[in-house]
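The following exercises concern a predicted model. Each task is followed by a solution that proceeds step by step.

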Amino acid sequence: MTPVLELRGASKRFLIPRPRQGPLGLFRRPPAGVLQAVEAVDLRILPGEALGLVGESGCGKSTLARVISRLTELDAGEVLLDGTPIGAVAPARFATSAGRRLVQMVFQDPTESLNPRFSVFEAIADPVRQLRAAKGTAGVRRQVERAAAQVGLPPELFPRFPHQLSGGQKARVGIARAMAVEPRLLVLDEPTSALDVSVQAVVLQLLMRLRREAGVALLFVSHDLNVVRLLCDRIAVMYLGKVVETGPSAQVFGAPRHPYTRALISAIPRLPGAPRPVREKLEGEPRSPIDPDPSACRLAGRCPFQTERCTREPPALSEIAPDQFVRCHHPLTAGPP
Ligand SMILES: Nc1ncnc2c1ncn2[C@@H]1O[C@H](COP(=O)(O)OP(=O)(O)OP(=O)(O)O)[C@@H](O)[C@H]1O
Ligand SMILES: [Mg+2]
């Protein structure tokens, strides 16, 4: 089966400018460093699959999501949508291309991402028109009505503007906009973090239903591991730009093999009375993402299992259990977290 999304060695770096100092600041200065936001990431999402992307703040999740939606260009590697490299289409043409229809992004804050001057109808119709996903006025209306029904937005709301909607309704408009062009993949960057807890649950249920009924695949970026466990078949854990562990959710949650994954899982809040796993706290702060040492593991300096090898040889991602990959010289033995 052709993956709906495939990343091959995807890398994105940002040049960090040198701070301006005195009159010399007027001249061209070499960058102060290179921030490797995403480094050689390989990922696949099959049609209809849900992949959860987790990791602490600044590890590169949003950059990866932006690269897939081509809001940011890659420095190296490839992104393939339904087997076709997105690089084959010039950046200026991508915005109206067939590839753009395959993948749609849902942003974190529905209030910020909706145009205040667009009514609900216009907001949902906009991508349909831009991407020519329907013919004529009647065709556009049909697509808007279909998408609104899919997300449970009643047509009475069509004339309203964003400031006349609740948070949950705005979130539905954001998702309807994405669904209106019948994508095969939704990229959701922390789609519920700006919402009230009660609304979060409703939106998550909606996403699960869209997956089931419309067969759309999900790339779900989240801080919330409980949500990822609930929603996603597979999980990819990132640390400072690199994927350190990936595999079926049940397997990774049940038996994490990377020390960082185990630390993340052991920090999940649990219900009172539920058994607590051994708390596996990592020492210190993450390394700086600027000019990382190419010969060391990114977790070196923070890892309780570190040896001398970890500072001179970067670990590769290797298959440790069926379909579970880990980037570690000293992976944990299989066992509950
Ligand atoms: N346009 C940019 N210019 C320079 N650095 C950037 C830029 N965008 C992101 N970065 C840096 O790249 C790294 C990854 O950022 P990114 O936003 O992808 O992280 P994230 O995992 O989404 O974090 P969070 O969980 O806080 O949203 C960070 O160190 C960030 O400061
Ligand atoms: Mg982010």
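**Exercise 1.** Determine in which sense strand β4 and β5 pair, and over how many bridges.

*Solution.* Strand β4 (residues 76–81) and β5 pair in the antiparallel sense, over 2 bridges. Helices (H or I, at least four residues) and strands (E, at least two) are DSSP runs, numbered from the N terminus. Two strands pair if DSSP finds at least two bridges between them. Within this pair, L80 has P85 in β5 as its bridge partner.

Next, place the pair in its sheet. The order β2-β1-β4-β5 describes an open sheet of 4 strands, with antiparallel pairing. Since β2 (33–45) and β5 (84–85) stand at the edges, each has a single partner strand, so one side of each is left without a neighbour in the sheet. Helix α1 (residues 61–68) packs on the sheet and touches β1 (5–16), β2 and β4; contact means heavy atoms within 4.5 Å. The direction of α1 makes about 120° with that of β1. For such angles, axes are lines fitted to C-alpha atoms, for helices over the stretch in contact, and angles run from 0 to 180 degrees between N-to-C directions.

The conventions are as follows: residues are numbered from 1 along each chain as its sequence is written, and chains are lettered from A and ligands numbered from 1 in the order in which they are written. In this predicted model local features need pLDDT of at least 70, side-chain atom pairs count only at pLDDT 80 or more, and totals for chains, interfaces and linings use all residues, while side-chain values use heavy atoms, with hydrogens and water left out.

**Exercise 2.** State the strand order of the open sheet of 8 strands, and explain why one side of each edge strand is left without a neighbour.

*Solution.* The order is β6-β7-β8-β3-β9-β10-β12-β11, and the pairing is mixed. The edges are occupied by β6 and β11 (317–321), each with a single partner strand, so one side of each has no neighbour in the sheet. From one strand to the next, the twist averages 20°.

Proceed now through individual pairs.

- Strand β9 (residues 234–239) and strand β10 (residues 242–248) are antiparallel and share 6 bridges; R234 has P248 in β10 as its bridge partner.
- β10 and strand β12 (residues 324–327) run antiparallel and are joined by 2 bridges, with E245 opposite V326 in β12.
- β11 and β12 pair in the antiparallel sense over 4 bridges, and S318 also stands opposite V326.
- The hairpin of β11 and β12 has 2 residues between the strands, and D323 there takes a positive phi near 70°.

Finally, add the helices. α7 lies across β6 and β7 (185–189), running at about 170° to β6. Helix α8 (residues 197–214) lies across β3 (50–54), β7 and β8 (217–221), at about 150° to β8.

**Exercise 3.** Decide whether the residues of helix α11 are buried or exposed.

*Solution.* Buried means under 20% relative accessible area, exposed over 50%, and partly exposed in between (1.4 Å probe, protein chains only). In helix α11 (residues 259–266), 8 of the 8 residues are buried, so the helix is largely enclosed by the rest of the structure. Its cover includes β3, α9 (225–231), β9, β10 and α10 (249–254). For contrast, consider A201, found in helix α8: A201 is partly exposed, with a relative accessible area of 38%.

**Exercise 4.** Describe the largest pocket and the largest cavity by volume and lining.

*Solution.* On a 1 Å grid over the protein atoms alone, a cavity is a set of points where a 1.4 Å probe fits but cannot get out, and a pocket is an open set with protein on both sides within 12 Å along at least five of seven lines; lining residues have an atom within 4 Å of a point. Grid points are joined across faces, edges and corners, and a volume is the space filled by probe spheres set on the points.

The largest pocket has a volume of about 470 Å³. It is lined by 25 residues, of which R100, Q104, M105, F107 and R177 are the closest to its centre. α7 gives the largest share of this lining, 5 residues.

The structure holds 2 cavities of 30 Å³ or more, and the largest encloses about 90 Å³. Among its 14 lining residues, C297, C303, C310, C328 and H329 are the closest to its centre.
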